[in-house]
Amino acid sequence: ASSSPRRRELLSTLGLGFDVIHPSSDETVLKNETPGDFALRVSAEKASSVSTTLGDGVVVIGADTFLYFQGSAIGKPRNLAQARRILRRLSGRSHWVYTGVCLRALTSGRLRTAYAKTKVTFKQLDEAAITRLFSRASPLDKAGGYALQADRGELIARLEGSRTNVIGLPMELLRRELRWIERYW
């Protein structure tokens, strides 16, 4: 349950057959909702939104990635100007990247949710560095307006946690959850 090409690439490394279905969800942070709760809710909504179109024996994976910085969730920028503003705000500072993952077994109706969070510290970015980043990867379809995989050493000063989480799907967490489902469902 995702439209992210990066998630598709990461999922293909597992060697499993899968289909990609565009989900829907309410990505508005609710009052008093923690970043973790937000990640879990949105990923579950995405998984549920596509479940009605599928048959028994299927496990739906829903995921949602966003940045958390200075008390606010940051999703995908609406335009290049907003993407540039976001990167200027993050320049030289740390933020968290959250990805919620929901696995939903359609036969049993069981649901399993978890999230990963990774601390990312940016280097100081000047306008030229931001322009170079945008030339390598469009910022408009990425949470926070940047692609870790497009960094050539000028963006990230330090990364603490899952690299694939920052790309859009925490593979370590997903593998663990898939093993749990295989064992107990």
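How many cavities of 30 Å³ or more does this structure contain? The model is a predicted one, and the count comes to 1 cavity of that volume or more. Before turning to that enclosed space, it helps to look at the strands.

A good place to start is strand 3, which covers residues 94-105 and has 9 of its 12 residues buried, so that this strand is largely enclosed by the rest of the structure. Here a residue counts as buried when its relative accessible area is under 20%. In a regular strand, the side chains alternate between the two faces of the sheet.

Strand 3 pairs with strand 1, residues 59-69, through 10 bridges, and these two strands run antiparallel. As one example of this pairing, Leu67 has Val97 of strand 3 as its bridge partner. Strand 3 is also joined to strand 4, residues 111-122, by 11 bridges, again in an antiparallel arrangement, and here Arg104 has Leu111 in strand 4 as its bridge partner. Strands 3 and 4 form a hairpin with 5 residues between the strands, and in this hairpin Gly109 takes a positive phi near 80 degrees.

We can now return to the opening question. Rolling a probe the size of a water molecule over the atoms shows where empty space is left. The largest cavity holds about 50 Å³ of space, and the residues that line this cavity include Leu133, Phe134, Pro139, Lys142, Tyr146 and Leu155. Taken by character, the lining of the largest cavity divides into 8 nonpolar residues, 2 polar and 1 charged.

How values were computed:
Residues are numbered from 1 along each chain as its sequence is written. This is a predicted model: local features need pLDDT of at least 70, side-chain atom pairs count only at pLDDT 80 or more; totals for chains, interfaces and linings use all residues. Side-chain values use heavy atoms; hydrogens and water are left out. Buried means under 20% relative accessible area, exposed over 50%, partly exposed in between (1.4 Å probe, protein chains only). Helices (H or I, at least four residues) and strands (E, at least two) are DSSP runs, numbered from the N terminus. Two strands pair if DSSP finds at least two bridges between them. On a 1 Å grid over the protein atoms alone, a cavity is a set of points where a 1.4 Å probe fits but cannot get out, and a pocket is an open set with protein on both sides within 12 Å along at least five of seven lines; lining residues have an atom within 4 Å of a point. Grid points are joined across faces, edges and corners, and a volume is the space filled by probe spheres set on the points. Ala, Val, Leu, Ile, Met, Phe, Trp, Tyr, Cys and Pro count as nonpolar, Asp, Glu, Lys and Arg as charged, and the others, Gly among them, as polar.
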